[in-house]
Amino acid sequence: MTTPPRDEIYLDHHATTPVDPAVLDAMWPFFAEHVGNAASEQHASGRFVAEAVEVARRQVAELVDADPRSVVFTSGATEANNLALKGLLATAPAEGHVVVSAIEHRSVLDVVHRLKRRRRPVTVIPVEGTGRVDVAALERSLTPETVLVSVMAASNEIGTLQPVGEIAAICRARGIAFHTDAVQVCGRVLFSVRETGADLVSLSAHKLYGPQGIGALIVRRGSPRLALEPLLEGGGHENRLRSGTLPVALIVGFGAACARARDLLDEEIPRLTALRERLWQRLHRELPGLVLHGDREQRLPGNLNVGIPGVDGDALLAGLKGLAVSSGAACSSAEPEPSHVLRALGVSDTLARASLRFGLGRFTTAEEIDRAAEIVIATVERLRGPEFIRTPSAAEVRP
């Protein structure tokens, strides 16, 4: 079994985050000490773990300003996205039209591409050069048959924040259900389900220092009622939307992670923003031609995605010894094609392959940022050679 070097600098927090020690402490007793099935409320052990689940449900809801009764636990955001889209469309007319952005997570895009092959009408909306969804194009695409719009709250690759509140208002005025994948914003920036007005919101614990294998779908309550068909049946758990024995320890960890993220949010946003700027300024100063992918201002505090002209992408990643970064989303790492997100921004395949996504996190230090910059700069200079002198074109410089 291959193990990473102990001194490896981990800057891939958009792929997954380490479990916070406080979260691990909250989870540990529920693996062995507190035994019980949350559905077995006939005895004290069952009632105890059932209450722990409800405490966690409230903690998740409090982080995103939602009704606790709207929280449906799932195995993660991929299942939550599938439940949102497939569950709603299972109750919609066959001609019901679906609209998504071109930079959605694969668990959304793969679903709609399959639906399109089955002749479900689907429109994929383009994004602007900074990765922001073209709201005017989205509004023009809506028809009387449109039943669902899905736009992620923030890109997992380029960190661009989307105007989901504006999009939700447009959908609400037309009686169209709006879903947002809020995995990357949850615990990283202020996000309110109530203020946003989204009908369906997907979350995942392992992006906010909780355990892998647990997530949630927020399903709006009230009138008009959202009709969803479950993906799994067999017991009617989670308001009959997600059957299966609840993984209590994971749910407790999810809740604890949300509570801790809520407590730390005000200090983490400026800290991570400052570290990101420190990294960007160092790389931008010392690497000619560096291209910033994504919006300069409207982006996640800990996200930096840069294109590095003049190097081979595979050689670049292989040369970054002691540094854990990626060239794109973890969900697409098995795909040989360049990032669909960068392609949607108009980035060439060559530059997309030679792009790095830095995901800074709760335990990232200034010293690690400085060391990471040194590793990248040294690697790029070695791969480029002394003859590389180049000024970026206007098309490559993002505002």
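# Close-up views of a predicted model

**View 1. Val-112 is buried, with a relative accessible area of 0%.** Buried here means under 20% relative accessible area, exposed over 50% and partly exposed in between (1.4 Å probe, protein chains only). This is a predicted model, in which local features need pLDDT of at least 70 and side-chain atom pairs pLDDT 80 or more, while totals for chains, interfaces and linings use all residues. Residues are numbered from 1 along each chain as its sequence is written, and side-chain values use heavy atoms, without hydrogens or water. You'll find Val-112 in helix H5, which covers residues 106-117. Helices (H or I, at least four residues) and strands (E, at least two) are DSSP runs, numbered from the N terminus. Who touches Val-112, if you skip its neighbours within four places in sequence? Leu-85, Val-98, Val-100 and Val-122 are in contact with Val-112, where contact means heavy atoms within 4.5 Å. Now look for Glu-95: Val-112 and Glu-95 are 17 residues apart along the chain, and 14 Å separates their C-alpha atoms.

**View 2. Here's a seven-strand sheet with mixed pairing.** Walk across this open sheet and you meet its 7 strands in the order E2-E8-E7-E6-E5-E3-E4. Two strands pair if DSSP finds at least two bridges between them. The edges belong to strand E2 (71-74) and strand E4 (122-125), each of which pairs on one side only. On average, neighbouring strands of this sheet are turned by 20° against each other, direction ignored. For angles in these views, axes are lines fitted to C-alpha atoms (for helices, over the stretch in contact), and values run from 0 to 180 degrees between N-to-C directions. Zoom in on strand E3 (residues 97-101) and strand E5 (residues 146-150): they pair in the parallel sense over 4 bridges. One place to look is Val-100, whose bridge partner in E5 is Ser-150. Val-100 also turned up in View 1, as one of the contacts of Val-112.

**View 3. Two of the helices that pack on this sheet are H3 and H4.** Helix H3 (residues 44-64) touches E2 and strand E7 (200-204). The direction of H3 makes about 110° with that of E2. Which strands does helix H4 (residues 77-89) touch? H4 touches E2, E3, E5, strand E6 (177-181), E7 and E8. Compare the directions of H4 and E7 and you get about 160°.

**View 4. Strand E7 is wrapped up by what surrounds it, with 5 of its 5 residues buried.** That count is why E7 can be called largely enclosed by the rest of the structure. Check the two faces: Leu-200, Ser-202 and Ser-204 sit on one side, Val-201 and Leu-203 sit on the other, and all are buried. How do E6 and E7 pair, parallel or antiparallel? E6 and E7 pair in the parallel sense, over 3 bridges, and His-179 stands opposite Leu-200 in E7. E8, though, runs antiparallel to E7, and 5 bridges join the two. Here Val-201 has Ile-218 in E8 as its bridge partner.

**View 5. Another open sheet has 3 strands, and its pairing is antiparallel.** The strand order is E9-E10-E12. The edge strands are E9 (291-292) and E12 (355-359), which each pair on one side only. How many bridges link E12 with strand E10 (residues 303-307)? E10 and E12 share 5 bridges, in the antiparallel sense. To find one residue pair, pick Asn-305, whose bridge partner in E12 is Arg-357. Helix H10 (residues 248-286) lies across E9, E10 and E12. Its run makes an angle of about 15° to E10.

**View 6. Cysteines, but no disulfides: the search of the whole structure finds 0.** A disulfide is a pair of cysteine sulfur atoms within 2.5 Å. Take Cys-186, which is in no disulfide: the nearest cysteine sulfur belongs to Cys-258 and is 5.0 Å away. Is Cys-186 buried or exposed? Cys-186 is buried, because its relative accessible area is 1%. Cys-171 counts as buried too, at 0% relative accessibility.
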